[in-house]
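Reader: Thanks for sitting down with me. Could we walk through this model together, a few questions at a time?

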Amino acid sequence: MNPIIENILTRRSCRAYTDKPIPREDIEALLTCARYAPSANNRRLWKFTAVLDQALIQRLAKAVGAAVGADESYCFYHPAALIIPSSQEDYPYGREDNACALENIFLAAHSLGLGSVWINQAFGNCHNAEIRAVLAELGVPENHVVYGMAALGYPAGELPEPDKSADTAIVG
């Protein structure tokens with residue numbers, strides 16, 4: 001099978017990670033893959049923030065968890081790293097551009113033996129004062145929206161089998 005198609009077909013969301021750190025060169029490779037994602041009109045009005053500090057990741061998780069009413073155990077699944085794509089708030093294609101960048105991150109992570117999962121609870125809560133304070137500390141611009149984040153790490157255990165129930169059609 002084509003290795004790119006195999007990578008797409010075997011990638012799964014990972015919600016349990018070991019505590020093994022991700023090499024910096026792998027984080028840099030993921031950021032490069034994110035920057036190469038398609039964007040509307042090739043505008044590329046995004047910023048990618050990689051967070052490796054566990055205390056900062058958990059401060060953001062606690063702020064997001066509090067904003068969405070999650071219990072105290074909310075932790076983004078304790079990833080080894082978190083990549084936060086963000087786009088200017090007034091940019092109408094920020095959500096789409098960030099989704100493409102996240103998919104590049106997820107597929108590249110899988111090719112490196114890393115697990116990943118989309119964390120989407122920051123979207124709609126970026127202006128919450130506690131969340132915004134942590135985002136500002138991380139260098140995410142005040143006028144940026146976070147549509148989703150990539151939690152990353154080495155998988156702790158087997159990943160689930162794919163759900164093959166989606167309906168497809170070929171017309172013509």
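**Surface patch, a helix and one glutamate**

Author: Happy to. Since this is a predicted model, let me begin with the surface: Met1, Ile4, Ile5, Ile8 and Leu9 make up a nonpolar patch there, and their combined accessible area is about 540 Å².

Reader: Is Ile5 buried, exposed or partly exposed?

Author: Ile5 sits in helix α1, residues 3-10. Buried would require under 20% relative accessible area and exposed over 50%. Ile5 has 44%, so the class is partly exposed.

Reader: What span does helix α3 reach from its first C-alpha to its last?

Author: Helix α3 covers residues 54-68, which is 15 residues. At 1.5 Å a residue the expected value is 21 Å, and the helix comes close to that, reaching 21 Å.

Reader: Which elements are included in what covers the buried residues of α3?

Author: The buried residues in α3 are Ile57, Gln58, Leu60, Ala61, Ala63, Val64 and Gly65. Their cover includes β1 (46-51), β2 (81-88), α5 (129-137) and β5 (149-153).

Reader: And what lies at the start of α3, within 2.9 Å of a side-chain oxygen of Asp53?

Author: Just past the other end, α3 is followed by Gly69, with a positive phi near 75 degrees. At the start, the Asp53 oxygen reaches to the backbone nitrogen of Ala55.

Reader: Which side chain does a polar contact of 2.7 Å join to that of Glu137?

Author: Glu137 belongs to helix α5 and is partly exposed, at 46% relative accessibility. Beyond its neighbours within four places in sequence, Glu137 touches Leu56 and Arg59. The 2.7 Å polar contact is with the side chain of Arg59.

Key. Residues are numbered from 1 along each chain as its sequence is written. This is a predicted model: local features need pLDDT of at least 70, side-chain atom pairs count only at pLDDT 80 or more; totals for chains, interfaces and linings use all residues. Side-chain values use heavy atoms; hydrogens and water are left out. Helices (H or I, at least four residues) and strands (E, at least two) are DSSP runs, numbered from the N terminus. The expected span of a helix is 1.5 Å times one less than its number of residues. Buried means under 20% relative accessible area, exposed over 50%, partly exposed in between (1.4 Å probe, protein chains only). Contact means heavy atoms within 4.5 Å. A polar contact is a pair of N or O atoms within 3.5 Å; within protein, one must be able to donate a hydrogen and the other to accept it, and residues adjacent in sequence count only if both atoms are side-chain atoms. Patches are made of residues with over 30% relative accessible area and no salt bridge: like charges are joined within 9 Å, nonpolar side chains (Val, Leu, Ile, Met, Phe, Trp, Tyr) within 5 Å. Accessible areas come from the Shrake-Rupley method with a 1.4 Å probe; for residues, only the protein chains shown count as cover. A salt bridge is a side-chain nitrogen of Lys or Arg within 4 Å of a carboxyl oxygen of Asp or Glu.
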